[in-house]
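Trainee: I've got a model open and a pile of labels for it. Can we go through what earns each one?

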Amino acid sequence: MSVVDVAAEADIPDNGTLKVTIGDTELCLAKSDGTVFAVHNTCTHAMERMSGGWVEGGRIECPRHGAAFCLRTGEALTPPATTPLPTYTVQVRDGRVFVDPTPSHPHPLLERNEYGAARG
Ligand code: FES
């Protein structure tokens, strides 16, 4: 597994988020009760940026329509989202956050966009 150094852990507020990029992909780092997670930064409902959302109890809530996702699995926990967010494996070493850029699964909206529509 090759990992990418994306941020200092201290730059992620507890129960908060930090947007980072790997290549042309935006990720949302989220720290929930001291644990760092990484999910795709694009909501699977209507493509809002998750880094503007709220973090609590291992969940992140989208700022646009309020869908909640599990930070560990990406599962959509509440409507209006019904499909999971891609997640990424995170390692924290020596105060730095490393992310494996391989997602758990393709983003459902961006996958569709690769066939003609604008990328989000
Ligand atoms: S865009 Fe995220 S819940 Fe609608």
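**Labels and what backs them**

Trainee: How do you know that the radius of gyration of the protein agrees with a compact globule?

Mentor: This is a predicted model, to say that up front. For 120 residues, a compact globule would have a radius of gyration near 14 Å, and the protein comes in at 13 Å, so the two agree. As for the box filled by the C-alpha atoms, that is roughly 40 × 30 × 20 Å along the principal axes.

Trainee: What makes up the fold, in order from the N terminus?

Mentor: There are 10 strands and 1 helix. The run is β-β-β-β-β-β-β-β-β-β-α, with the helix coming after the strands.

Trainee: Why is Gly-53 called buried?

Mentor: The cut-off is 20 or more other C-beta atoms within 10 Å. Gly-53 has 24 such neighbours, so the label holds. Gly-53 sits in the loop between strand S4 (35-40) and strand S5 (54-56). Skipping residues up to four places away in sequence, Gly-53 touches Thr-17, Ile-60, Glu-61, Cys-62 and Pro-63.

Trainee: What makes Cys-43 count as buried?

Mentor: Run the same check: Cys-43 has 28 C-beta neighbours inside 10 Å, against a threshold of 20, so Cys-43 is buried. Cys-43 also belongs to the loop between S4 and S5. Beyond four places in sequence, the contacts of Cys-43 include Glu-48, Met-50 and Cys-62. Over the whole protein, buried residues are 35% of the 120.

Trainee: How do you know which strands of the S1-S10-S9 sheet are at the edges?

Mentor: Start with the order: this is an open sheet of 3 strands, S1-S10-S9, paired antiparallel. Strand S1 (4-8) and strand S9 (90-93) each have a single partner strand, so each has one side without a neighbour in the sheet, and that puts both at the edges. On average, neighbouring strands here are turned by 30° against each other, ignoring direction.

Trainee: What makes S9 and S10 count as a pair?

Mentor: Two strands pair when there are at least two bridges between them. S9 and strand S10 (residues 96-99) have 4 bridges, in the antiparallel sense, so they qualify. One residue to look at is Arg-93, whose bridge partner in S10 is Arg-96.

Trainee: And what share of the contacts with a separation of 6 or more joins residues 24 or more positions apart?

Mentor: That share is 40%.

Definitions and conventions:
Residues numbered from 1 in each chain as written. Predicted model: local features only at pLDDT ≥ 70, side-chain atom pairs only at ≥ 80, totals over all residues. Helix = DSSP H or I, 4+ residues; strand = E, 2+ residues; numbered from the N terminus. Rg over C-alpha atoms; globule rule 2.2 N^0.38 Å. Buried ≥ 20, exposed ≤ 12 C-beta atoms within 10 Å, placed from the backbone. Contact = placed C-beta atoms within 7 Å. Axes fitted to C-alpha atoms, helices over the stretch in contact; angles between N-to-C directions.
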